[in-house]
Amino acid sequence: DHIANQIAAGEVVERPSSVVKELVENSIDAGSTKIDVSIEEGGLELIRVADNGSGMEADDCETAFERHATSKIATGRDLYQIRTLGFRGEALPSIAAVSKVELLTAASSSGLGRKLVIEGGNVLLHEESRAPKGTDIQVKSLFYNTPARLKYMKTIQTEVGHVTDYLYRLAMSQPQISFSLKHNGKMLFQTLGNGDLLQVIAAIYGPQTAKLMVKLEADHPDYSLTGYVGKPELTRANRSALTTVINGRYIRSYGLVSAALQGYHTLLPLHRFPLGVIQLQMEPSLIDVNVHPAKLEVRFSKEQELYRFVEEQVKRVLRTQVL
Ligand code: ADP
Ligand code: MG
């Protein structure tokens with residue numbers, strides 16, 4: 001089982017930002033409204049994620065580190081109705097296999113919870129401890145027992161960049177959650193969690209940028225579209241300036257970004273890319289999130305119809321509010 005976890009770790013845990021991704025997704029799944037991330041030395045020394053979510057019951061916190069111990073799938077059919085972000089039960093055991101983990105968690109506000117220390121997958125300590133409701137997990141010395149992987153890490157600044165970029169996108173996908181990120185004790189960004197996407201955009205890119213955004217809002221029998229797209233003054237060199245969010249979850253979709261860009265560039269034939277956030281709500285049964293191991297890439301049924309809708313709406317908002 002140790003070997004299976006190490007193999008899975010190779011897929012799930014590529015770099016510090018993949019750990020941040022898995023931990024923060026768990027915090028979101030646990031219903032947290034406040035998620036505070038701090039990292040040291042680009043996350044290689046420490047990645048700490050503290051949330052105010054459901055916490056784990058005493059009986060559940062050790063099993064959470066066993067393979068496929070997800071609490072999130074009740075039946076096979078649920079695989080097609082995924083609403084939570086995680087569902088494979090692979091993240092915690094994979095992370096614990098390649099680091100030193102310290103977990104503090106409490107499922108109630110009684111002031112008492114559990115403390116666990118796990119090193120390279122071995123439980124060294126499991127005791128009752130004072131703990132506020134929620135989960136506070138520290139991942140230390142990432143890849144300490146897999147030196148080959150450690151060698152692949154880029155500079156600290158590059159790793160911080162990956163973590164920051166990912167948290168920006170999560171914050172934009174969940175404006176009702178307050179996020180913060182510190183690196184070596186310095187606050188890098190912080191969102192209020194008041195549900196206002198434009199305020200999140202302002203927290204990330206600055207208030208001037210937020211002022212240059214136009215609002216997307218449209219309904220279709222199968223989807224509803226919200227979000228913002230930047231005026232031409234606000235373009236970037238790279239198409240990743242557009243963030244796509246489906247049902248509150250940040251995903252990568254080449255097709256969706258291309259559809260939005262098609263709409264944008266038809267009316268504003270620029271060689272650059274608009275900053276923006278495309279948020280779609282749709283029935284989970286219209287989405288297949290099971291195609292990519294990192295669960296970022298998704299497919300849709302009625303894909304062409306969805307793309308045409310997004311393209312038309314981007315055109316409409318440019319025509320009415322920009323041109
Ligand atoms: P998955 O998210 O796919 O279920 P993970 O390995 O990421 O698998 O987590 C295993 C289990 O640990 C989760 O199903 C959940 O029950 C529990 N868990 C992990 N993180 C948290 C958290 N921050 N708050 C509450 N429960 C958590
Ligand atoms: Mg998970």
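A residue is called buried if 20 or more other C-beta atoms lie within 10 Å of its own, exposed if 12 or fewer, and partly exposed in between. With that scale in hand, begin at E312, which counts as partly exposed because it has 16 C-beta neighbours inside 10 Å. The model on your screen is a predicted one, and every stop on this tour should be read with that in mind.

**The whole chain**

Before going further, show the entire protein chain as a cartoon, where the secondary structure comes to 10 helices and 17 strands. If you colour the chain of 323 residues by burial, the buried residues make up 42% of them. Contacts can be viewed in the same way: among those between residues at least 6 apart in sequence, 66% join residues at least 24 apart.

**Helix α10**

Now select residues 303–321, which form helix α10, and find E312 within that helix. Draw a line from the C-alpha atom of E312 to that of A259, and it will span 8.8 Å, although the two residues are 53 apart in sequence.

Move next to Q313, which is also found in helix α10. Is Q313 buried or exposed? With 22 other C-beta atoms within 10 Å, Q313 is buried. When neighbours within four places in sequence are left aside, the contacts of Q313 are with L216, A218 and L225. For a view across the structure, select I287 as well, whose C-alpha atom is 20 Å from that of Q313, while the separation in sequence is 26 residues.

**Helices α2 and α6**

Select residues 16–29 for helix α2 and residues 156–173 for helix α6, and turn the view until both can be seen along their lengths. The axes of α2 and α6 come within 8 Å and cross at roughly 25 degrees, which makes α2 roughly parallel to α6. The crossing in which α2 passes α6 is right-handed. To see what makes the contact, show the side chains of P16, S17, V20, K21 and V24 on α2, together with E159, H162, V163, Y166, L167 and L170 on α6. Colouring these residues by class gives seven nonpolar, two polar and two charged.

**Helices α6 and α7**

Keep α6 selected and add residues 197–205, which form helix α7. How do the axes of α6 and α7 cross, and within what distance do they come? They come within 9 Å and cross at roughly 160 degrees, so α6 is roughly antiparallel to α7. Here too the helices meet in a right-handed crossing, as α6 passes α7. On α6 the contact is made by Y168, A171 and M172, and on α7 by L197, V200, I201 and I204. These residues divide into seven nonpolar, no polar and no charged.

**The largest nonpolar core**

With the helices still in view, turn to the largest nonpolar core, which has 79 residues, and in which V20, I95, L167 and A260 touch the most other members. The largest share of this core, eight residues, comes from α6. Select I95 and look beyond its neighbours within four places in sequence, where I95 is in contact with V13, V19, E22, V101 and V139.

**Three loops**

The last stops are in loops. Select E41, which lies in the loop between β1 (34–40) and β2 (46–51), and look at the backbone, since the phi angle of E41 is near 50 degrees, a positive value in a residue other than glycine. E41 counts as partly exposed, with 14 C-beta neighbours inside 10 Å.

Go on to N247, placed in the loop between β12 (242–246) and β13 (249–251). The phi angle of N247 is near 45 degrees, again a positive value in a residue other than glycine. N247 is partly exposed, with 19 other C-beta atoms within 10 Å.

Finish at P221, whose place is in the loop between β9 (213–219) and β10 (223–230). P221 is exposed, because 5 other C-beta atoms lie within 10 Å. Add M282 to the selection to close the tour: the C-alpha atoms of P221 and M282 are separated by 9.4 Å, although the two residues are 61 apart along the chain.

Key:
Residues are numbered from 1 along each chain as its sequence is written. Chains are lettered from A and ligands numbered from 1 in the order in which they are written. This is a predicted model: local features need pLDDT of at least 70, side-chain atom pairs count only at pLDDT 80 or more; totals for chains, interfaces and linings use all residues. Axes are lines fitted to C-alpha atoms, for helices over the stretch in contact, and angles run from 0 to 180 degrees between N-to-C directions. Helices (H or I, at least four residues) and strands (E, at least two) are DSSP runs, numbered from the N terminus. Angles under 35 degrees count as roughly parallel, over 145 as roughly antiparallel, 65 to 115 as roughly perpendicular and the rest as oblique. A crossing is left-handed if the near helix is turned anticlockwise from the far one by less than a right angle, and right-handed if clockwise. Two residues are in contact if their C-beta atoms, placed from the backbone, lie within 7 Å. Ala, Val, Leu, Ile, Met, Phe, Trp, Tyr, Cys and Pro count as nonpolar, Asp, Glu, Lys and Arg as charged, and the others, Gly among them, as polar. A nonpolar core is a set of buried Ala, Val, Leu, Ile, Met, Phe, Trp, Tyr and Cys residues joined through C-beta atoms within 7 Å.
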